[in-house]
Amino acid sequence: MNRRDFVKNSALSAGAIAASGFLAERAAAASGGKPAKIKIAQLGVGHAHASERMKSLASLPDDFEIVGVVAERTDSTEISRGGKGSKTYSGLKWMTEEELLATPDLQAVMVETANRDLVPAATRCMEKGLAICMDKPGGENLEDYRKLLDGCRDKKLPFQIAYMLRTNPGIQFIRKAVSEGWLGDIHEIQASMSHDYSDEAYLRYLGDFSGGTMFLLGCHHIDWITSLLGRPGNVTAFMGSTKEAAGKGRNNCLAVLEYAHTIASIHVSDSEVEGLSNRRIKVSGNKGTIELSPVERFGAPHLLKLRLKEKAGTYAKGTHTVDLGIRKDRYVDQLKEFGAIVRGEIGNPFSYGHDLLVQEILLSAAGYTKWGTPAPAPQAHQ
C-alpha cells in the first residue's frame, strides 16, 4: 500500500470527518462561555469493560452529567468486572431502561450490556434519537448492525463503538507514519491480542460465541488495520482451540486479511502467559518498520521501536526508540472525543461506513461468514 492508496482508503480522510450534523442545540454553550455538560446515562453493567468505562466517564465531570445507570438482565455466562454492587456505581441513580429513555433532556447513552444485547439495546436508544457510545463488538448479525448504523446516519446521531485502540498513542503514531509515507509501501502487518484467561468460567463464556477470541478481541486490531488499508480482497479465518479448551470454545484463532500487496495477520489466544502485557504489533514496509509491544502501557513510559531505511519526518535513518509518554487511563480520551462529537465541536473521525466495514471483516475473520458474500458497498454509508 502506498501513500495515495492510504488517502483513498482511510476512514480518517477528509470525507470521513465531515460534520456529524447532530442537533448541536442540545449541547449549547452554558453561561460563562463554557460548553454545557452532556446528560448521559449508562445502559447495562454486564459488559467486561462496563465498570472501568464508568470510572473514566465519572472522571470527566466538566464534560458529562451522569443521570443514571440501568442494571439490565445479564446472561449467567457473561463475564463482568463490575455490577450493581460495585463501588464504581456508588451514589449514582439506578433506574429501569424505560425510565432512562424517558429522562428529560437526555442526550447520550453509553451502552454497556452483555455482548449479545449490545446492538438491540443501542438500537432502542437510536430510535429515541440519542447519541450512542456502544461497547464492542457489533454483534453476530451484520444486518442488525447495519440497521443500527443506518438509523444513526438517517437521524444524524453520533455513534461511537468503543474500540479502545483508536486513541492509543502507538496506533496514532503508526497512522501518521503510514499516511506520510515513512515506511514506504506496506507489505506486512502482524498483530496479536492475547490474554491469559483460561479458567472454566471464561471457557463457558467463550463457548457462547462461535467466533471465539477473534470475535471478542480481534475486533480491536481489525478496526485500526481497516483504517489503514480499507477493504481487503480476501479474509481467511483459522478457528482453533488449545488442548484444554477443546470442545469448549475457540480460544486460539488466526485471521489473515489479504490486500493487493499486503498481508495482515491477527492472532488471538487466551492461554498466553502474561498475554496482556505481550500484545504486539509490527508494521513493515520497504522503507521501514514499526514495532509496538506491549500495545498498551499505563503508569510508565510507553515505548515504540522505529527502524528506517532513510530519513523520514524528524527521524534520521536507523533505529529509534520513541517514547509515547505516560497514560493513566485507557478510555478517557475516547470519551472526551465522544463528548466533542456530541457538542458539534468536531466531526466523527470514523464514519458509519467504516464501522460497518469493520464488522463485515470481523464476521469473516471470526468464521461467521465467508468473505465475498454480497453486501452493499460501504461507500453508501459514509
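**Close-up 1. Lys 156 in the loop between α5 and β6.** In this predicted model, Lys 156 belongs to the loop that links α5 to β6 (159-161). Have a look at the backbone here: Lys 156 is not a glycine, yet its phi is positive, at about 60°.

**Close-up 2. Two cis peptide bonds ahead of prolines.** Going from Lys 136 to Pro 137, the peptide bond is cis, and omega is near -10°. Pro 137 sits in the loop between β5 (131-134) and α5 (142-155). The bond from Ser 293 to Pro 294 is also cis, with omega near 0°. For Pro 294, the setting is the loop between β12 and β13.

**Close-up 3. An open sheet of eight strands.** Follow the strands across and you will meet them in the order β8-β9-β10-β7-β11-β12-β13-β14, with mixed pairing. The edges belong to β8 (234-240) and β14 (318-323); each has a single partner strand, so one side of each lacks a neighbour in the sheet. On average, and ignoring direction, neighbouring strands are turned by 10° against each other.

**Close-up 4. The β13 and β14 pair.** Strand β13 (residues 303-308) runs antiparallel to β14, and six bridges join the two. One position to pick out is Leu 306, which stands opposite His 320 in β14.

**Close-up 5. Helices α6 and α10 on the sheet.** Helix α6 (residues 169-179) packs on the sheet and touches β7 (186-192), β11 (281-285), β12 (288-292), β13 and β14. The directions of α6 and β12 make an angle of about 170°. Helix α10 (residues 352-365) packs on the sheet as well, in contact with β8 and β9 (252-258). Its direction makes about 45° with that of β8.

**Close-up 6. The packing of α2 and α9.** Here helix α2 (residues 50-58) packs with helix α9 (residues 332-342) at an angle of about 60°, and the axes are 9 Å apart. The two helices are therefore oblique to each other, and α2 passes α9 in a right-handed crossing. At this contact, Arg 53, Ser 56 and Leu 57 of α2 meet Val 332, Gln 334 and Leu 335 of α9.

**Close-up 7. Aromatic rings and the charges over them.** The count of aromatic pairs comes to nine. One aromatic cluster is formed by Tyr 202, Tyr 205, Phe 209, Phe 215 and Tyr 368. Over the ring of Phe 209 sits the charged end of Arg 116, 4.6 Å from the ring centre. In another spot to zoom in on, the charged end of Arg 166 sits over the ring of Phe 350, 3.8 Å from its centre.

Notes: Residues numbered from 1 in each chain as written. Predicted model: local features only at pLDDT ≥ 70, side-chain atom pairs only at ≥ 80, totals over all residues. Heavy atoms only, no water. Pairing = 2+ DSSP bridges. Helix = DSSP H or I, 4+ residues; strand = E, 2+ residues; numbered from the N terminus. Axes fitted to C-alpha atoms, helices over the stretch in contact; angles between N-to-C directions. Contact = heavy atoms within 4.5 Å. Phe/Tyr/Trp six-rings, centres within 6.5 Å; stacked < 30°, edge-to-face > 60°. Lys NZ or Arg CZ within 6 Å of the ring centre and 35° of its normal. Parallel < 35°, antiparallel > 145°, perpendicular 65-115°, else oblique. Left-handed = near helix turned anticlockwise from the far one by under 90°.
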